[in-house]
Amino acid sequence: MALPPQDERTMPAVVLADLDRRPLEHTLTELQGVIEQHGYVVVVCSQATPEPVVRRLHTLRSLLESDRVAVFRPGLPPLGIAVLARQLRQLASCDLTPGVLASAGRLLTHYIHAGAVLGSVARLDRVPVGLKAHAKSWLPGSQFAVLAHPEPQLVRIAPGAATLKGPDFSTWMLVAKGQLQTDWLAGLAKEWGVQGLREAPLPAESPLWWGTGRAVEFCSYLADLPVLYQLVTSVRQSTCHWCGIDVIGDRCVFCSATPPPAHEPPAARALEQRAPGRRALEQSSSGRRALEQRPPEQRPPEQRTPA
């Protein structure tokens with residue numbers, strides 16, 4: 001799902017729709033045109049994306065024989081994926097290199113709090129569900145608040161019950177309503193001290209991700225471009241030793257290369273183990289010289305020179 005622009009500088013999104021249903025040559029032509037227009041492509045998709053779509057993405061990348069396509073599948077719920085993609089679209093208008101921009105996705109996921117209010121957790125497998133909560137999910141009218149990222153949490157919504165632990169920095173909140181009615185998120189937004197509350201349609205992958213269509217998904221995130229830019233540029237950059245682009249982090253998002261292992265000098269213990277051997281060799285060499293200096297009659301029989 002492509003969210004509307006956050007501000008006037010947000011770059012438009014390119015939606016690669018129905019990759020597994022359209023002919024291969026059509027999708028190949030489309031992706032090749034995007035690369036020719038923009039130079040690099042970062043594909044952001046959910047871990048709930050159907051496997052045929054993911055296989056088609058990797059097939060297209062292989063056919064293009066290009067390291068200019070990165071497939072990024074963070075462990076975020078679908079609404080969090082849409083928010084992250086929009087943040088990268090915001091940063092695309094800045095003076096960031098393609099490698100740094102693509103690497104920024106891993107960094108920004110740490111600042112996204114994503115969850116949902118669910119009418120049932122019977123089929124939820126993304127967050128640990130206790131036996132008690134699983135049993136209560138069958139009671140009529142039960143609702144649960146679940147935080148999937150960055151730290152899994154699950155609480156049953158009831159008067160005086162515990163709430164979800166939120167971010168310790170200022171954020172905005174995006175809410176996507178499904179087949180469930182709840183006013184609980186208004187109180188959560190107040191507790192978290194969000195700057196504003198906005199609404200969006202529920203992503204198509206959300207029912208599969210959460211195990212139910214009776215859900216209201218929410219996501220707390222950083223919205224201001226200057227804050228995002230300062231966050232990304234404050235991280236140390238390095239150059240990928242394989243493809244040569246600038247990245248942040250320990251893995252290149254385009255070629256998947258990691259930094260080579262640093263060369264370590266031999267351990268001191270190994271040198272100490274070799275020292276007795278050298279001393280024995282020196283002692284044997286000096287012993288041979290001493291024998292050679294003896295008169296012939298004092299040498300061992302095997303070292304005497306025949307007359």
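The following legends describe an overall view and several close-up views of a predicted model.

**Figure 1. Overall composition of the predicted chain.** The model is predicted, with local features requiring pLDDT of at least 70, side-chain atom pairs counted only at pLDDT 80 or more, and totals for chains, interfaces and linings taken over all residues. Residues are numbered from 1 along each chain as its sequence is written, and side-chain values use heavy atoms, without hydrogens or water. Nine helices and 10 strands constitute the secondary structure; helices (H or I, at least four residues) and strands (E, at least two) are DSSP runs numbered from the N terminus. Of the 307 residues in the chain, 40% are buried, where buried denotes under 20% relative accessible area, exposed over 50%, and partly exposed the range in between (1.4 Å probe, protein chains only). The chain exposes about 17600 Å², and carbon and sulfur atoms supply 52% of this area; accessible areas come from the Shrake-Rupley method with a 1.4 Å probe, and for residues only the protein chains shown count as cover. Among contacts (heavy atoms within 4.5 Å) between residues at least 6 apart in sequence, 71% join residues at least 24 apart.

**Figure 2. Packing of helix H4 against helix H8.** The axes of H4 (residues 98-108) and H8 (residues 225-233) come within 10 Å and cross at roughly 100°, which makes H4 roughly perpendicular to H8. Axes are lines fitted to C-alpha atoms, for helices over the stretch in contact, with angles from 0 to 180 degrees between N-to-C directions; angles under 35 degrees count as roughly parallel, over 145 as roughly antiparallel, 65 to 115 as roughly perpendicular and the rest as oblique. From H4, the contact involves Val-100, Ala-104, Leu-107 and Leu-108; from H8, Leu-228, Leu-231 and Val-232. These residues comprise seven nonpolar, no polar and no charged. In this classification, Ala, Val, Leu, Ile, Met, Phe, Trp, Tyr, Cys and Pro are nonpolar, Asp, Glu, Lys and Arg are charged, and the others, Gly among them, are polar.

**Figure 3. Surroundings of helix H4.** Nine of the 11 residues of H4 are buried, among them Gly-99, Leu-101, Ala-102, Ser-103 and Gly-105. The elements covering the buried residues of H4 include E1, strand E2 (69-72), helix H3 (78-91), H8 and strand E10 (246-247).

**Figure 4. Environment of Thr-49.** Thr-49 occupies the loop between strand E1 (41-44) and helix H2 (51-64) and is buried, with a relative accessible area of 8%. Beyond its neighbours within four places in sequence, Thr-49 contacts Val-54, Arg-73 and Glu-205. The side chains of Thr-49 and Glu-205 are joined by a polar contact of 3.3 Å. A polar contact is a pair of N or O atoms within 3.5 Å; within protein, one must be able to donate a hydrogen and the other to accept it, and residues adjacent in sequence count only if both atoms are side-chain atoms.

**Figure 5. Backbone geometry at Pro-150, Asp-18 and Ser-256.** His-149 and Pro-150 are joined by a cis peptide bond with omega of about 10°; Pro-150 lies in the loop between strand E4 (144-149) and strand E5 (153-156). Asp-18, although not a glycine, has a positive phi of about 50°. This residue, Asp-18, belongs to the segment before helix H1 (24-38) and is partly exposed at 41% relative accessibility. Ser-256, also not a glycine, has a positive phi of about 65°. Ser-256 is located in the loop between E10 and helix H9 (268-292) and is partly exposed at 43% relative accessibility.
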